[in-house]
Amino acid sequence: ATCPSDRRVVVLLSTMRAGSTLLKALLAEADDVSNLPEINFQRFRSHSRSWQQIALLHRNPIIVLKRPAWYHEVLSYPRLPAVESVRAIILVRDVYETIVSLRQMTFGKLATLMAPLVNGYLVQYWARVTERLGNLYDELGDNASVVRYEDLVTDPIETTRALFAFIGSRRAAGVESYREPKTFQWQWGR
């Protein structure tokens, strides 16, 4: 599907617990960037009217669709929307910190106890998704940008400044804080 030249679709790709909600919220500080809840952008993969469906999600010219890979998607994530000139921001995070956060999210108070049983699986999840994201980066060339979570938290202003330029936002200055969305509540998986 072809989107108008004054509009753009950006997908934010990552493993779970890589900081995609933080990055999406920071990007939404630009007046021309959407602030949407988590959306399964993969559902727009093969529909001939993908752009029209995506355009209905938000009025801003830059629509950021964010959804990390779930555990069961290690061999299929990501499937990009069937939209011309889609841009991808690939967010990666250190394997150790990701695994610790995934264990905490999945097992809560039992996270440390579960570590010997699940660490291997979680590392495989991280490695497979990260490999697929690396391959996608190679395929997309100039339409993809890689961001390290560690860079985002240590230098959010420079990181977001570069991303605003990459996605074509009118905002030139980077940001280091965000406002909570007005139209929805943040919830895990949504």
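**Entry 1: charges over rings**

I began with Arg67, whose charged end sits over the ring of Trp70, 4.2 Å from its centre. I note here that the model is a predicted one. I then looked up Arg87, and its charged end sits over the ring of Phe166, at 4.7 Å from the ring centre.

**Entry 2: aromatic pairs**

I searched the whole structure for aromatic pairs and obtained three. I looked first at Tyr71 and Tyr121, which form a tilted pair with 5.8 Å centre to centre and 55° between the planes. This pair links distant parts of the chain, 50 residues apart: Tyr71 is in the loop between strand S2 (62-66) and strand S3 (87-92), and Tyr121 is in helix H4 (residues 111-140).

I checked the accessibility of both residues. Tyr71 has a relative accessible area of 22% and is partly exposed. Tyr121, at 45% relative accessibility, also counts as partly exposed, because the partly exposed class runs from 20% to 50%.

I turned next to Tyr71 and Tyr125. Their ring centres are 5.2 Å apart and their planes are at 70°, so I recorded the pair as edge-to-face; the cut-off for that class is over 60 degrees. Because Tyr71 lies in the loop between S2 and S3 and Tyr125 in helix H4, this pair ties together parts that are 54 residues apart in sequence. Tyr125 counts as buried, at 2% relative accessibility. I noted finally that ring pairs link Tyr71, Tyr121 and Tyr125 into a cluster.

**Entry 3: nonpolar cores**

I looked up the largest nonpolar core, which has 31 residues; Val11, Leu13, Ile54 and Leu65 touch the most other members. The elements that give two or more residues to this core are strand S1 (8-13), H2, S2, S3, helix H3 (95-107) and H4. Helix H4 gives the most, with seven residues.

I listed the contacts of Val11, leaving aside neighbours within four places in sequence. Val11 is in contact with Phe41, Leu65, Leu80, Pro81, Val86, Arg87, Ala88 and Ile89. I also found a second, separate core of 20 residues, which includes Ile62, Val64, Val147 and Phe164. For context, I recall that nonpolar side chains tend to be buried together in soluble globular proteins.

**Entry 4: Gln42**

Is Gln42 buried or exposed? I find that Gln42 counts as buried, at 5% relative accessibility. Gln42 is placed in the loop between helix H1 (20-27) and helix H2 (50-55). Leaving aside neighbours within four places in sequence, I find Gln42 in contact with Arg67, Glu73, Ser76, Tyr77, Pro78 and Arg79. Arg67 is the residue whose charged end sits over the ring of Trp70.

Conventions: Residues numbered from 1 in each chain as written. Predicted model: local features only at pLDDT ≥ 70, side-chain atom pairs only at ≥ 80, totals over all residues. Heavy atoms only, no water. Helix = DSSP H or I, 4+ residues; strand = E, 2+ residues; numbered from the N terminus. Buried < 20%, exposed > 50% of the residue type's maximum accessible area, 1.4 Å probe, protein only. Contact = heavy atoms within 4.5 Å. Phe/Tyr/Trp six-rings, centres within 6.5 Å; stacked < 30°, edge-to-face > 60°. Lys NZ or Arg CZ within 6 Å of the ring centre and 35° of its normal. Core = buried A, V, L, I, M, F, W, Y, C linked by side-chain atoms within 4.5 Å.
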